[in-house]
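Colleague: I should like to take a close look at a single part of this model. Would you please describe the contact between the two chains, together with what lies around it?

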Amino acid sequence: MVPERRDLWWLEPLVIVVVLGTFVLYSVYAGLANANYFYEPYLSPLYSPCITANCVHPHLPIVGSYWNLSPAILIVAFPLAFRVTCYYYRRSYYRAFFWAPPACAIPDARKSYAGETRFPFLIQNLHRYALIFATLLLAFLWWDTFLAFNFNGRFGIGLGSLLLLTNVVLLSGYSASCHSLRYLVGGYLDSFHRASLRYRLWSWANWLNARHARWAWASLVVVGLTDLYIRLLSMGVLTDLRIVF
Amino acid sequence: MKIWRGEGSAGEHVEYVVPIDAGMVVLDVVHRIQATHAPDLAVRWNCKAGKCGSCSAEVNGAPKLMCMTRMSEFATGEAITVSPVRTFPLIKDLVTDVSFNYEKAKTIPPFKPKPKDPDGKRRMYQEDVDRVQEFHKCIECFLCQDVCHVIRDHEENKPSFSGPRFFVRLAALEMHPLDTNDRLDLIRAKHGLGFCNITKCCTEVCPEDIHITDNAIIPLKERVVTAQYDPIAWALRRIRRTGPALPAPSVPPSKEPPSA
Ligand code: SF4
Ligand code: SF4
Ligand code: FES
Ligand code: FES
């Protein structure tokens with residue numbers, strides 16, 4: 001049947017395709033570049049934690065110098081799995097890329113549909129594990145941010161430090177507002193009576209969760225911008241604005 | 001206003017031109033057309049206050065309650081198309097057969113309360129009531145069922161998918177502090193929770209603003225994960241039998257639900 005909606009229903013999927021598509025293309029380029037990801041004292045979030053011996057700024061050089069490709073390849077699976085299995089991104093890409101459905105009351109693109117009942121979509125059910133790994137990565141990003149205020153042993157604030165701080169705050173907010181986290185901290189209970197700490201955690205998680213989409217978009221855009229800024233500094237295109245005390 | 005006219009699956013949109021008054025809603029205009037042009041026009045309605053859930057239809061392609069859709073939302077002179085909901089079989093004009101929903105309702109195991117406290121009373125606490133209260137606002141307008149692409153666009157999924165309205169009902173029962181029935185395997189196997197791809201159209205159309213996807217469906221999905229898919233939760237259950245932090249093991253898939 002022909003849809004009767006005459007409003008701009010295609011605008012939302014179009015914006016999602018453009019923003020998500022741009023981010024994916026940019027991060028593939030930046031992640032494979034294997035250069036310009038560090039500019040003293042800033043490390044691009046796409047390359048953190050840096051686990052190869054060849055890395056310009058290694059955190060944990062557990063992979064020997066035989067690894068000549070970009071160190072980002074070794075860690076990309078974790079944030080990628082977290083975003084791909086995120087309930088909010090699922091909503092967005094099922095709509096914008098799979099057209100199942102492209103918008104409400106607009107017909108699905110495909111004739112048959114089994115949703116998340118079969119492989120590979122069944123894997124979406126393990127989102128909570130992706131959350132755990134993403135939370136571990138956050139620790140490294142906080143450490144990088146801490147280092148980003150250290151200019152050769154002196155405390156300072158640069159535009160890069162502020163970007164890294166914004167980035168890690170947004171990523172933390174994104175993780176803290178996760179649906180799986182909301183479940184794990186207390187949502188699994190049927191009664192909160194006699195579980196006051198879990199009730200409080202669940203209430204906070206609820207408050208953040210109601211804004212999960214905003215955390216998701218803001219953190220995505222800022223990760224990309226932070227990498228771009230550090231890349232341009234390292235390429236010598238920009239100079240960092242900073243005050244060192 | 002163009003209104004769908006016809007019996008069974010055959011029909012077409014018929015245009016009516018009527019004057020409207022300030023403050024009118026779509027249902028008022030439909031009534032005016034009934035009074036002046038088409039006395040045999042079939043339309044279901046009851047309260048005209050957005051509370052009975054009878055007047056569901058699709059206005060310019062958007063699933064809505066006709067009694068809650070103001071004419072002032074549309075530009076002067078703009079043609080307005082009113083169609084019956086698409087997911088259910090048509091009876092006549094704007095009236096559809098929604099018995100799919102009543103059949104699904106019968107397959108939900110009913111509330112089974114815990115034994116009473118020693119003083120002969122049952123107690124619930126405010127914080128627990130607050131969470132399920134939202135689900136009890138449902139007026140059974142079935143707009144969420146209508147918009148859900150799982151059955152709207154794929155008729156063949158109807159036997160294996162109950163739809164968002166019933167996930168709301170199941171969430172209210174599953175999260176009920178006094179209920180003892182375990183419906184998690186049923187929710188996956190019989191009500192088809194896995195068919196939902198959380199695209200949130202049900203939430204967008206719900207006239208009662210129930211956060212169907214975020215507060216009912218996703219928490220149910222998480223509970224089903226613990227009961228069925230999470231290997232660590234499974235291992236913990238094996239070690240501790242039924243751990244206090246995890247839902248009890250699920251009912252075997254073959255078990256038929258008691259009817260409501
Ligand atoms: S969120 Fe799920 S239940 Fe709601 S309309 Fe979308 S697919 Fe259907
Ligand atoms: S959940 Fe909302 S949209 Fe669905 S039947 Fe109830 S009131 Fe209507
Ligand atoms: S639901 Fe989006 S990160 Fe978990
Ligand atoms: S007539 Fe009752 S909800 Fe519209």
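Modeller: The account below begins with the contact between the chains and then turns to the ligands and to chain A. Please keep in mind that this is a predicted model.

At the interface, 51 residues of chain B are in contact with 44 residues of chain A. The two chains bury about 4100 Å² between them, and carbon and sulfur atoms give 50% of this area. On the side of chain B, the residues that lose the most area to chain A are B:Arg86, B:Arg131 and B:Glu222; together they provide 16% of what that side buries. The rule for salt bridges finds 7 of them across the interface of chain B and chain A. A salt bridge also links A:Arg91 with B:Glu204, whose closest N and O atoms are 4.0 Å apart.

Chain B also provides residues around the ligands. Ligand 1 has 13 residues around it, and those that come nearest are B:Cys148, B:Cys196, B:Thr199, B:Lys200 and B:Cys202. Helices α5 (149-152), α8 (201-205) and α9 (212-229) of chain B each give two or more residues to this shell. By class, the shell around ligand 1 holds 8 nonpolar, 4 polar and 1 charged residues. Ligand 2 is surrounded by residues of chain B, including B:Cys138, B:Cys141, B:Cys144 and B:Cys206. Its shell has 9 nonpolar and 2 charged residues, but no polar ones.

In chain A, helix α3 (residues 77-85) packs against helix α4 (residues 87-96). Their axes are 5 Å apart and meet at an angle of about 70°, and the two helices are therefore roughly perpendicular to each other. From α3(A), the contact is made by A:Arg83, A:Val84 and A:Thr85; from α4(A), it is made by A:Tyr87, A:Tyr89, A:Arg90 and A:Tyr93. These residues divide into 4 nonpolar, 1 polar and 2 charged.

The backbone of chain A deserves a final remark. Most residues other than glycine have a negative phi, and most peptide bonds are trans. A:Trp99, which is not a glycine, has a positive phi of about 55°; A:Trp99 is placed in the loop between α4 and α5 of chain A. That loop also contains A:Pro101, which is joined to A:Ala100 by a cis peptide bond with omega about -10°. Another cis peptide bond runs from A:Glu40 to A:Pro41, with omega near 0°, and A:Pro41 is found in the loop between β1 (38-39) and β2 (42-43) of chain A.

How values were computed:
Residues numbered from 1 in each chain as written. Chains lettered and ligands numbered in written order. Predicted model: local features only at pLDDT ≥ 70, side-chain atom pairs only at ≥ 80, totals over all residues. Heavy atoms only, no water. Near = heavy atom within 4 Å. Nonpolar A, V, L, I, M, F, W, Y, C, P; charged D, E, K, R; others polar. Axes fitted to C-alpha atoms, helices over the stretch in contact; angles between N-to-C directions. Helix = DSSP H or I, 4+ residues; strand = E, 2+ residues; numbered from the N terminus. Parallel < 35°, antiparallel > 145°, perpendicular 65-115°, else oblique. Contact = heavy atoms within 4.5 Å. Buried area = accessible area lost by both parts, 1.4 Å probe. Salt bridge = Lys/Arg side-chain N within 4 Å of Asp/Glu carboxyl O.
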